[in-house]
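Hi,

Here is the structure I said I would pass on. Have a look at it first, and then read my notes underneath.

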Amino acid sequence: MPIVLPASLEWPAAEATEAELTPQEIVAELDKYIIGQKAAKKAVAIALRNRFRRRKLPPDLADEIAPKNILMIGPTGVGKTEISRRLAKLTMSPFLKIEASKFTEVGYVGRDVESMIRDLVRISVDMVKQEQIAAIEGKARAAVEERLLDILLPPPRQREGQDGEAGEETRPVDTREKLRAQLRAGLLEERPVEIDVKDKTTPPLEVVSNSGVEEIGFQIQEFLPGLLGGRTKRRRMKLKEARQILLEEEEKRLVDMDQVARLAVERVEQSGIIFLDEVDKVAGRESGRGPDVSREGVQRDLLPIIEGTTVNTRFGLVRTDHILFIGAGAFHVSKPSDLIPELQGRFPIRVELGPLGKDDFVRILTEPENALIRQYEALMGTEGVRVAFTPDAIDEIADIAERVNADAENIGARRLHTVVEKVMEDISFAAPDIKPKSIRIDRDYVRDHLEDILVDQDLRRFIL
């Protein structure tokens, strides 16, 4: 029987998280991973809290309150995507990052704007499914254990007596319990067993990426296994491999996919976040010909999705009225005012993210919980090599990153990855066999490894 969650657990999990976090706490959590950009953090924190506040209102009033979508304006590598991604992870909200430049106006070859909602629903279904699997994991593992015991020691047959009634069991019960103890102790993992496995072989199917055809393609792919009758074949494998296959079967049997679909759609409608990157690439007025011919058409196709419409997906109808859209773009060539007025009105909150300088780079290298320096120290630690960056080395790395950004393309904090990777190149290559297991990286070490590249302007363009 499928497991049905109590009514108290059926509301999207994101609501509980949003209720626990005040705007100040949301900003504090974002500060752990993202340096600076206070205005952007404040804007997303308010938008997130407003969604929780809306749910506490009477339904008729709550339905009238539209989300305050945000338009982030700033150069690449300053934290636009990271702020949105961390926000979604913080609240366990379905999150989709997609580039606006991937879409085309209806009638052109390319992705249909409604596909972003279908993608978001699929992400939400996976999230809800994993949550329900976690809820029934104990029951599923217990069922798998019994199935494995049945394979190792088939259920005892009963002898028929003189009168045709069942007689005594042919195998003692304690043998099964001994096998159970060995199974739990991991003593039978390598033992070969035979199980029936569903034949998942399906003919290859190419999905054409265009409007409704894309969704039909996904439906056909899922329908084909059923069309083939769910055939099974006998396979011999190790017990540890059989356990995983049987566990997947039990999870599929116990999880109610109809309920998963309903909860997933509800979570998308109430807590979904779509990060629409490269909005500036579809800005600009039409010239009537050339490669820009569908820019304004894409904006007009995006408009009903962002304003609020109903999209037909494989898991049901999805209303987009209360999905939070976060647009982003550098807007170097175009301006936000180049967007069509109707689309501008759907992004009432605009925040500018400033470029990053040397001081910001120093903080990015050292302060966040996932700081780049800590990542490399941990990576080398797996090889038994202890790497220590001195403060002057970190200062030099930040200074070089700032200079290269000023002289070449400014790619923001992403420049730190290229600089640090070049500094660590020799250590990473020799780490398995390196003799000094403790290495100190100072300013001179950084300069020695980057000197040739910094001098050669042409080489810098390709490497840094």
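Below is what I found, going from the whole chain down to single residues.

Keep in mind throughout that this is a predicted model. The protein chain has 464 residues, of which 44% count as buried. Its secondary structure comes to 19 helices and 13 strands. If you take the contacts with a separation of 6 or more, 78% of them are between residues 24 or more positions apart.

**The five-stranded sheet**

I'd start with the open sheet, whose five strands pair in parallel in the order β2-β7-β10-β1-β11. The edges belong to β2 (95–99) and β11 (349–352); each of these has a single partner strand, so one side of each is left without a neighbour in the sheet. From one strand to the next, the twist averages 20 degrees.

At the β2 end, five bridges tie β2 to β7 (residues 273–277), and the two run parallel. If you want a pair to click on, Glu 99 has Asp 277 in β7 as its bridge partner.

Now bring in helix α5 (residues 80–91). It lies across four strands, namely β1 (70–73), β2, β7 and β10 (324–329), and runs at about 170 degrees to β7. Ser 84 is a handy residue for seeing this, as it sits in α5. Is Ser 84 buried or exposed? Its relative accessibility is 0%, so Ser 84 counts as buried. Setting aside neighbours within four places in sequence, Ser 84 is in contact with Met 72, Phe 95, Phe 275 and Ile 326. Match those against the strand ranges and you can follow the helix over the sheet: Met 72 falls in β1, Phe 95 in β2, Phe 275 in β7 and Ile 326 in β10.

**Two helices that cross**

Next, look at α7 (residues 137–152) and α10 (residues 239–254). How do their axes cross? They come within 9 Å of each other, at an angle of roughly 130 degrees. That angle makes α7 and α10 oblique to each other, and their crossing is right-handed.

On the α7 side the contact includes Ala 140, Val 144, Leu 148, Ile 151 and Leu 152, along with Lys 139, Arg 141 and Arg 147. Among the residues they meet in α10 are Leu 239, Ala 242, Leu 246, Leu 247 and Leu 254, plus charged ones such as Arg 243, Glu 249, Glu 250, Glu 251 and Arg 253. By class, the contact has eleven nonpolar, no polar and eight charged residues.

Glu 249 also gives you a link to strand β5 (residues 192–198), where Lys 198 is found. Lys 198 and Glu 249 are 51 residues apart in sequence, with a C-alpha to C-alpha separation of 9.6 Å. At 48% relative accessibility, Lys 198 counts as partly exposed. Not counting residues up to four places away in sequence, Lys 198 touches Arg 231 and Thr 232.

**A second parallel pair**

Strands β12 (residues 386–389) and β13 (residues 438–441) run parallel and are joined by four bridges. Phe 389 stands opposite Ile 441 in β13. Which side chains of β13 are buried? Along this strand they alternate: Ile 439 and Ile 441 point to one face and are buried, whereas Ser 438 and Arg 440 point to the other and are not.

**Backbone spots to check**

Two residues other than glycine have a positive phi that you may want to look at. One is Gln 37, with phi near 55 degrees, in the loop between α2 and α3 (38–55). The other is Phe 331, with a phi of about 55 degrees, in the loop between β10 and α13 (341–345). Both loop residues are buried: the relative accessible area is 12% for Gln 37 and 9% for Phe 331.

While you are at the Gln 37 loop, glance at Ala 28 in helix α2 (residues 23–31). Ala 28 is partly exposed, with a relative accessible area of 40%. Its C-alpha atom is separated by 9.2 Å from that of Lys 41, which is 13 residues away along the chain.

Cheers

Key
Residues are numbered from 1 along each chain as its sequence is written. This is a predicted model: local features need pLDDT of at least 70, side-chain atom pairs count only at pLDDT 80 or more; totals for chains, interfaces and linings use all residues. Side-chain values use heavy atoms; hydrogens and water are left out. Two strands pair if DSSP finds at least two bridges between them. Axes are lines fitted to C-alpha atoms, for helices over the stretch in contact, and angles run from 0 to 180 degrees between N-to-C directions. Contact means heavy atoms within 4.5 Å. Angles under 35 degrees count as roughly parallel, over 145 as roughly antiparallel, 65 to 115 as roughly perpendicular and the rest as oblique. A crossing is left-handed if the near helix is turned anticlockwise from the far one by less than a right angle, and right-handed if clockwise. Buried means under 20% relative accessible area, exposed over 50%, partly exposed in between (1.4 Å probe, protein chains only).
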